Amino acid sequence: LKRELLKFTSSPTYMLNGGLGIVFGPAVAIIGIITAILITNARTKREHEIRESETVMTSIAGSIESSISSYKDLSRLIMLNDRVISFLRAEDVDPGIRNDAKYGVMDVLNVCNGVDSVFIFRNDNEYANTGRGEYIVDYDLMGSNEWQSKFLLLRGGALVTMNGNDAIFR
């Protein structure tokens, strides 16, 4: 029996199968460990990128909220300006009163940056603005209930929009 066992263990087939098992077994284990490490690193990197993106988005959202709050405060200051109030209450609008309103707004805007232009509209569609250049005002859109309802819902509050809520273009 010992002779047969010795013969069996020293046969070329056993050596080939057993030898490969001894060599490839650890190699497969090492490849498996390396693969697991790479997958774990990729997941960790992805999770870090997601957390970093969330942090950036939260920061941007806070910055936008702060800017909008500042614009609302500016709007209140503009509406309390004596020259703007005179423009809004005037019976007839002449270039002098329009310029006074413009300079009243500019006095308020001197303490801030990032505001391109401010428009002040009266109920009779007369307006004063601080922007440079010529503007196209869509009075038909401004006269529509849909456009006006956005402002009326705020009851004198500020509405921060781009291009006058699509009614003003350069």
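**Close-up 1. R83 and its salt bridge to D107 in the predicted model.** R83 is partly exposed, its relative accessible area being 31%. Its partner D107 is also classed as partly exposed, at 42% relative accessibility. The two side chains form a salt bridge with an N to O distance of 2.1 Å. R83 belongs to helix α3 (residues 82-89) and D107 to helix α4 (residues 95-109), so this contact links distant parts of the chain, 24 residues apart. The count of salt bridges comes to 4.

**Close-up 2. The salt bridge between E126 and R98.** The closest N and O atoms of this pair are 2.8 Å apart. E126 sits in the loop between β1 (119-121) and β2 (127-129), whereas R98 is part of helix α4; the pair therefore ties together parts that lie 28 residues apart in sequence. E126 has a relative accessibility of 29%, which counts as partly exposed. R98 is partly exposed as well, with a relative accessible area of 26%.

**Close-up 3. The salt bridge between R122 and D124.** Here the closest N and O atoms are separated by 3.0 Å. Is R122 buried or exposed? R122 is buried, because its relative accessible area is 9% and the limit for that class is under 20%. D124, in contrast, is partly exposed, with a relative accessible area of 44%.

**Close-up 4. A nonpolar surface patch that includes M57.** The patch covers about 590 Å². Its members are V56, M57, I60, I64, I68, Y71 and V160. M57 is located in helix α2, which spans residues 12-79. With a relative accessible area of 54%, M57 is exposed, since that class begins over 50%.

**Close-up 5. T130 and its surroundings.** T130 is found in the loop between β2 and β3 (136-137). The residue is buried, with a relative accessible area of 13%. Which backbone atom does the side chain of T130 reach? The side chain extends to the backbone nitrogen of V118, at 2.9 Å. Leaving aside residues up to four places away in sequence, T130 touches K102, V105, M106, L109, S117 and V118. V118 thus appears both in this list of contacts and as the residue whose backbone nitrogen is reached by the T130 side chain.

Methods. Residues numbered from 1 in each chain as written. Predicted model: local features only at pLDDT ≥ 70, side-chain atom pairs only at ≥ 80, totals over all residues. Heavy atoms only, no water. Helix = DSSP H or I, 4+ residues; strand = E, 2+ residues; numbered from the N terminus. Buried < 20%, exposed > 50% of the residue type's maximum accessible area, 1.4 Å probe, protein only. Patch = residues over 30% accessible without salt bridge, like charges linked within 9 Å, V, L, I, M, F, W, Y side chains within 5 Å. Areas by Shrake-Rupley, 256 points an atom, 1.4 Å probe, with all protein chains shown as cover. Polar contact = N/O pair within 3.5 Å; in protein donor to acceptor, adjacent residues only side chain to side chain. Contact = heavy atoms within 4.5 Å.
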